[in-house]
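Here is a relaxed walk through one protein chain, looking at its rings and its charges. Have a look at the picture first, then read on.

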Amino acid sequence: MSKLRCHISISLDGFVAGPNQSQENPLGEGGEELHDWLVRLKAWREHAGMEGGEENVSSAVFHEEIANVGAEIMGRGKFGPASRGPWGEDPWRGWWGKDPPFHKPVFVLTHHEREPLTLSDTTFTFVTDGIESALQRARDASGDKDVFIGGGADVINQYLAVGLVDELELHVVPILLGGGARLFAGVGQDLKLELLRVIEAPGVTHLKYRVYMSRGA
């Protein structure tokens, strides 16, 4: 069976987005700094259709993480808008314009029904019946490839809490956000992480874990 994988940038005090998230500042105060190491990579910029960038040891990490992924799951917070709530007559179409950078099926967890949205080669399917349904749909769409949880923290925490995540990679950035969206909130003490590797890189340290639950070990 394919793996359910997650990788996400995180501050030293455990936040994946800063405080006071808004439409103008979707990652909250200081949250953009979590991704400075990634945005400057040539590999990431090419994937996003941009020029320039640098190569360093994080380049191989990025290439590994986008390889063999057939579908993505994300929460309403990542898809947006920041206000959430009902979709309305002119529904939000995401933060990414007419050509989103996913290039694969994306399943958005939401409380509000909506018809699928196709932009370029990405189709967003809106799932209202829970995380397990979203995972099954993503696995059906991905075939033999892995499924990736794209965030935000609440969705990742839900999957961690029930033991569905197979691999988790934390990109630890040496900043303190002081508040915001905290990873591991409410996941419980049964969650266990087995360290698989540590990679030091400019502006970030990559920690990769196998995830399992102690009650099933």
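A residue is called buried when its relative accessible area is under 20%, exposed when that area is over 50%, and partly exposed in between. Phe-124 comes out at 0%, so it counts as buried. Bear in mind that this is a predicted model.

**Rings**

Let's begin with the aromatic side chains. A pair of aromatic rings is described by the distance of the centres and the angle of the planes. The count here comes to nine aromatic pairs. One of them joins Phe-79 and Phe-126, edge-to-face, with 5.3 Å from centre to centre and 80 degrees between the planes. This pair links distant parts of the chain: Phe-79 belongs to helix H4 (residues 76–79) and Phe-126 to strand E6 (residues 122–127), 47 residues apart. Phe-79 is buried at 0% relative accessible area, and Phe-126 is buried too, at 6%.

Then there are Trp-96 and Phe-124. Their ring centres are 5.9 Å apart and the planes meet at 10 degrees, so this pair is stacked. Trp-96 sits in the loop between H4 and strand E4 (106–109) while Phe-124 is in strand E6, so the pair ties together parts 28 residues apart in sequence. Trp-96, at 23% relative accessibility, is partly exposed.

These four residues belong to one aromatic cluster, made up of Phe-79, Trp-87, Trp-96, Phe-102, Phe-124 and Phe-126. Trp-87 also has charged company: the charged end of Arg-76 sits over its ring, 3.6 Å from the centre. The charged end of Arg-114 sits over the ring of Trp-87 as well, 4.6 Å from its centre.

**Charges**

Side chains of opposite charge can pair when their charged atoms come close. The structure holds 11 salt bridges, and the table shows some of them.

| Acidic residue | Basic residue | N to O distance |
|---|---|---|
| Glu-167 | Lys-3 | 2.8 Å |
| Glu-54 | Arg-40 | 3.5 Å |
| Glu-64 | Lys-208 | 3.1 Å |

Where do Glu-64 and Lys-208 lie? Glu-64 is in helix H3 and Lys-208 in strand E11 (residues 204–213), so their salt bridge ties together parts that are 144 residues apart in sequence. Glu-64 is partly exposed at 33%, whereas Lys-208 is buried at 14%.

The bridge between Glu-167 and Lys-3 links distant parts of the chain as well, with Glu-167 in strand E8 (residues 167–173) and Lys-3 in the segment before strand E1 (4–11), 164 residues apart. Glu-167 is buried at 14% relative accessibility, but Lys-3 is partly exposed at 37%. Lys-3, Glu-64, Glu-167, Glu-169, Arg-197 and Lys-208 are linked in a network of salt bridges.

**A buried charge without a partner**

Now for Glu-65, which is found in helix H3 (residues 57–66). Glu-65 is buried yet has no salt bridge, and the nearest side chain of opposite charge, Arg-197, is 5.2 Å away. A salt bridge needs the nitrogen and the carboxyl oxygen within 4 Å, so a gap of 5.2 Å does not count as one. What Glu-65 does have is a side-chain polar contact with the side chain of His-7, at 3.1 Å. Leaving aside neighbours within four places in sequence, Glu-65 is in contact with Arg-5, His-7, Glu-169 and His-171.

Conventions:
Residues numbered from 1 in each chain as written. Predicted model: local features only at pLDDT ≥ 70, side-chain atom pairs only at ≥ 80, totals over all residues. Heavy atoms only, no water. Phe/Tyr/Trp six-rings, centres within 6.5 Å; stacked < 30°, edge-to-face > 60°. Helix = DSSP H or I, 4+ residues; strand = E, 2+ residues; numbered from the N terminus. Buried < 20%, exposed > 50% of the residue type's maximum accessible area, 1.4 Å probe, protein only. Lys NZ or Arg CZ within 6 Å of the ring centre and 35° of its normal. Lys, Arg positive; Asp, Glu negative; His and termini not counted. Polar contact = N/O pair within 3.5 Å; in protein donor to acceptor, adjacent residues only side chain to side chain. Contact = heavy atoms within 4.5 Å.
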